Amino acid sequence: MTGVQTCALPICGECTGEDVIYFEDMFQPGIESLPYIMDQIPAEQRPKVYVRCLAQAIDPDDFVHVWGMSKWMSTYEQMVNEFVTGVLATNEEMVAHMRIANWTAPIYNISGLAFGKKEVLSRVNNFVKPWEERSNRIFFAARFDQEKQPDFYMDLIEHVKATEWGSNYEFAVLSGGPLRSNNEKYLARAKKMEEHRLLKIYKDLQKNEYYDIVNDSKLLFNCALQDWVSNTVSEADTLGCNVLYPAYRSFPETFANDHERMYVPWSMTDAVNKLQTLMQSPHKNQGKISDWNDGTINRILDIMLGRGEEWNRAGNRYRDHVAGAKY
């Protein structure tokens, strides 16, 4: 193959059967022009087309269901399945959701998100702050929408703040814009907690400002129903933070089944106990998650260049790959 093009339609220049077109998002308005053109030219002249699935209607917690978009989005997905060379899933659980939705295109698990560890480190001048110099800050970096369960995070704050050991910890929400949510009750509660100095909200953060705060924090806490990997975990892991996520859906694969940095979903007792431990010192596996995600682009390229069949999830044995640690 002579080239891999990451592009948005319309495609400029000449594409041949030697080329690969790659879309970072399966939902791309105008993508229907590709099969429209390709069905009118010889098969050997058609470029290969790969798309990465971010979530789509196969995800019961995706925003398309919140806004009632799934009735037409699932039909769009059927169209894409008819002509693409392959769909790239970010983990084994997403593969399973695709399969039970009867997607017909070849499915591959890239087991991660595109991530550049060196680029993140360059934002802090390659200086990762020593653990003992960091603030006792636990931060939440997901959207404040219902599928991220911000209520659980705020419950956690109240539990930890009521203890002797955690009463002085800073709990924070980090946001790249004004704090928004698809459920107003979360915003009202967060505002009230901020007024009572239980929670600090950092708004309108530029990327470097966000990284500076992460580089001065000790723990990233996540309680999402779905992140389908989570870019924030790679960033925090790169910048010397411990990470604590629920053992749910994609996260066991992302964490290589690390029981010390995952808690039983919805168990406040387990989450609080593990948080207490992770606030004491850097975890022994710190850095491994970001190292694995740093290789995701290479796995994507291997698949598109025909060298990644180990990630092919064809047939009815796609669940054989669930339990094993990827790294």
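Let me start with M26, which is buried, with a relative accessible area of 0%. This is a predicted model, so keep that in mind throughout. Where does M26 lie? M26 sits in the loop between β2 (19-23) and α1 (33-38). Leave out residues up to four places away in sequence, and M26 touches I31, V51, R52, C53, Q56, Y76, E77, V80, N81 and W103. For a sense of scale, take M193. M26 and M193 are 167 residues apart in sequence. In space, C-alpha to C-alpha, they are 38 Å apart.

One of the residues M26 touches is Q56. Q56 has a positive phi, near 65 degrees, and is not a glycine. Most residues other than glycine have a negative phi. Q56 belongs to the loop between β3 (48-52) and α2 (63-66). Buried or exposed? Q56 is buried, at 6% relative accessible area.

S230 is another residue of this kind. Phi of S230 is positive, near 105 degrees, again in a residue other than glycine. S230 is placed in the loop between β9 and α9. S230 is buried too, with a relative accessible area of 4%.

On to the sheet. It is open, has 6 strands, and its pairing is parallel. The order is β8-β7-β6-β9-β10-β11. Which are the edge strands? They are β8 (200-202) and β11 (262-263), each pairing on one side only.

Look at β6, residues 137-140. β6 pairs with β7 in the parallel sense over 4 bridges. Across that pairing, I138 stands opposite F171 of β7. β6 also runs parallel to β9, residues 219-221, and 2 bridges join these two strands. Here F139 has L220 of β9 as its bridge partner.

Now the faces of β6. In a regular strand the side chains alternate between the two faces of the sheet. In β6, R137 and F139 are on one side, I138 and F140 on the other. All four names are buried, and both faces of the strand are covered.

A helix lies over this region. Helix α9 (residues 231-238) crosses β6, β9 and β10 (242-246). Its direction is at about 155 degrees to β10.

Next, the cores. Nonpolar side chains in soluble globular proteins tend to be buried together. The largest nonpolar core here has 31 residues. Which residues have the most contacts inside it? They are Y153, L156, F171, F221 and L275. The elements giving two or more residues to this core are β6, α6 (150-161), β7 (170-174), α7 (184-195), β9 and α11 (268-278). Helix α6 provides the largest share, 6 residues.

Take L156 from that core. Leaving aside neighbours within four places in sequence, L156 is in contact with F171, F221, M268, A271, V272 and L275. Apart from this core lies another, of 29 residues. Among its members are V49, M73, M94 and W228.

Now H283, in the loop between α11 and α12. H283 is buried, with a relative accessible area of 10%. Its contacts, beyond neighbours within four places in sequence, are N242, D258, E260, R261 and L278.

That loop leads to α12, residues 288-294, where N293 is found. How large is the relative accessible area of N293? It is 2%, so N293 counts as buried, the cut-off being under 20%. The N293 side chain reaches the backbone nitrogen of L113 at 3.1 Å. Setting aside neighbours within four places in sequence, N293 is in contact with S111, G112, L113, F115, V229, S234 and R299.

R299 takes us to helix α13, residues 296-304. Buried residues in α13 are T296, R299, I300, I303 and M304. Why are they on the same side of α13? Because they cover an arc of only 135 degrees around the axis. The spacing rule behind this is general: an α-helix has 3.6 residues a turn, so residues three or four places apart point the same way. After α13 comes G306, with a positive phi near 80 degrees.

To recap, briefly. M26 is buried at 0%. The sheet is open, with 6 strands in parallel pairing. The largest nonpolar core has 31 residues, and another, of 29 residues, lies apart from it. N293 in α12 reaches the backbone nitrogen of L113 with its side chain.

Notes
Residues are numbered from 1 along each chain as its sequence is written. This is a predicted model: local features need pLDDT of at least 70, side-chain atom pairs count only at pLDDT 80 or more; totals for chains, interfaces and linings use all residues. Side-chain values use heavy atoms; hydrogens and water are left out. Buried means under 20% relative accessible area, exposed over 50%, partly exposed in between (1.4 Å probe, protein chains only). A polar contact is a pair of N or O atoms within 3.5 Å; within protein, one must be able to donate a hydrogen and the other to accept it, and residues adjacent in sequence count only if both atoms are side-chain atoms. Contact means heavy atoms within 4.5 Å. Two strands pair if DSSP finds at least two bridges between them. Axes are lines fitted to C-alpha atoms, for helices over the stretch in contact, and angles run from 0 to 180 degrees between N-to-C directions. A nonpolar core is a set of buried Ala, Val, Leu, Ile, Met, Phe, Trp, Tyr and Cys residues joined through side-chain atoms within 4.5 Å. The arc is that of the directions from the helix axis to the C-beta atoms.
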